[in-house]
Amino acid sequence: MQPTSSMKEEFLKKWQTGLQIFRPSIDNTNVTERKKAIKLSADVAMASLRKGTTCWSRALIQKTAAEDNFLVRQMLSGIKAETLINKKLPKKTVCHRKIVRRSKKILLRRSRSASEEAAAKAKKLVKRRTQGLRSVVPGGEFMSNDVLLIQETLDYIVSLQTQVNVMRSIVDAAEAGIER
């Protein structure tokens, strides 16, 4: 799934808006603060492409609003910023361990066949990888459904690809301008 040119154009417009908002405050700052401003504006631009329709975009908007509320409100002016900033994310779901009867414990103690052990290891590996994915995708910790997590991850990856492609185009254009 590749990002479309319209996605790239929309991202670039929104990102430019964010950078223009930051411009007066970052002119006389250090590299770290400029990097933070670029990242914040790129994150909000990326999340605003989805207009809050995905869990990751709402989580990213709320996280960024906590850091720079003014920027988020300005960049989301046409998308009901108040609704997205204040919209509650689902409460973190806590997995409760099922109570296991004594008879089941006894059955588990018996030696498993090789295929049962392989299945148990595969299940443990999938669980560990899913937890890792939840920690990487914004708002992933709020997604209890694995299918939703994968859909959100794919959508997030396409948005990240858009962001990288636009930034790469800007760098290429800047390098071409320097060579002249």
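Accessible area here comes from the Shrake-Rupley method with a 1.4 Å probe. With that in hand, I looked up the total for this predicted model: the protein chain exposes about 12,900 Å². Carbon and sulfur atoms supply 56% of that area.

**Entry 1: the overall layout.** I began with the secondary structure and found 8 helices and 0 strands in the protein chain. Along the sequence the pattern reads α-α-α-α-α-α-α-α, which made for an easy note. Of the 180 residues, 32% count as buried. I also checked how far apart in sequence the contacting residues lie. Among contacts with a separation of 6 or more, 65% are between residues 24 or more positions apart.

**Entry 2: the nonpolar core.** Next I went to the largest nonpolar core, which has 25 residues. Which of them touch the most other members? I noted Phe11, Trp15, Met46, Trp56, Leu71 and Val72. Two or more residues come from each of α1 (5–26), α2 (31–49), α3 (55–67), α4 (69–75) and α8 (146–179). The top contributor is α2, with 8 residues. A general reminder for myself: in soluble globular proteins, nonpolar side chains tend to be buried together.

**Entry 3: helix α2.** Since α2 gives the most to the core, I followed this helix from end to end. α2 has 19 residues and spans 27 Å from its first C-alpha to its last, close to the 27 Å expected at 1.5 Å a residue. At its start, a side-chain oxygen of Asn30 comes to within 3.2 Å of the backbone nitrogen of Thr32. Just past the other end, Lys51 has a positive phi of about 50°. I then listed the buried residues of α2: Ala37 and Leu40, followed by Ser41, Ala42, Asp43, Val44, Ala45, Met46, Ala47, Ser48 and Leu49.

**Entry 4: Met46 and its partners.** Met46 is buried in α2, and I wanted its contacts beyond four places in sequence. They are Phe11, Trp56, Leu60, Tyr156, Ser159, Leu160 and Gln163. Two of these partners, Phe11 and Trp56, are also listed with Met46 among the core residues that touch the most other members.

**Entry 5: Ser159.** One partner of Met46 is a serine, Ser159, so I looked there last. Ser159 is found in helix α8. Is Ser159 buried or exposed? Ser159 is buried because its relative accessible area is 0%, and the cut-off for buried is under 20%. Leaving out neighbours within four places in sequence, Ser159 is in contact with Met46, Arg50 and Trp56. Met46 and Trp56 also touch each other, which closed the loop nicely for my notes.

Conventions: Residues numbered from 1 in each chain as written. Predicted model: local features only at pLDDT ≥ 70, side-chain atom pairs only at ≥ 80, totals over all residues. Heavy atoms only, no water. Core = buried A, V, L, I, M, F, W, Y, C linked by side-chain atoms within 4.5 Å. Buried < 20%, exposed > 50% of the residue type's maximum accessible area, 1.4 Å probe, protein only. Contact = heavy atoms within 4.5 Å. Expected span 1.5 Å × (residues − 1). Polar contact = N/O pair within 3.5 Å; in protein donor to acceptor, adjacent residues only side chain to side chain.
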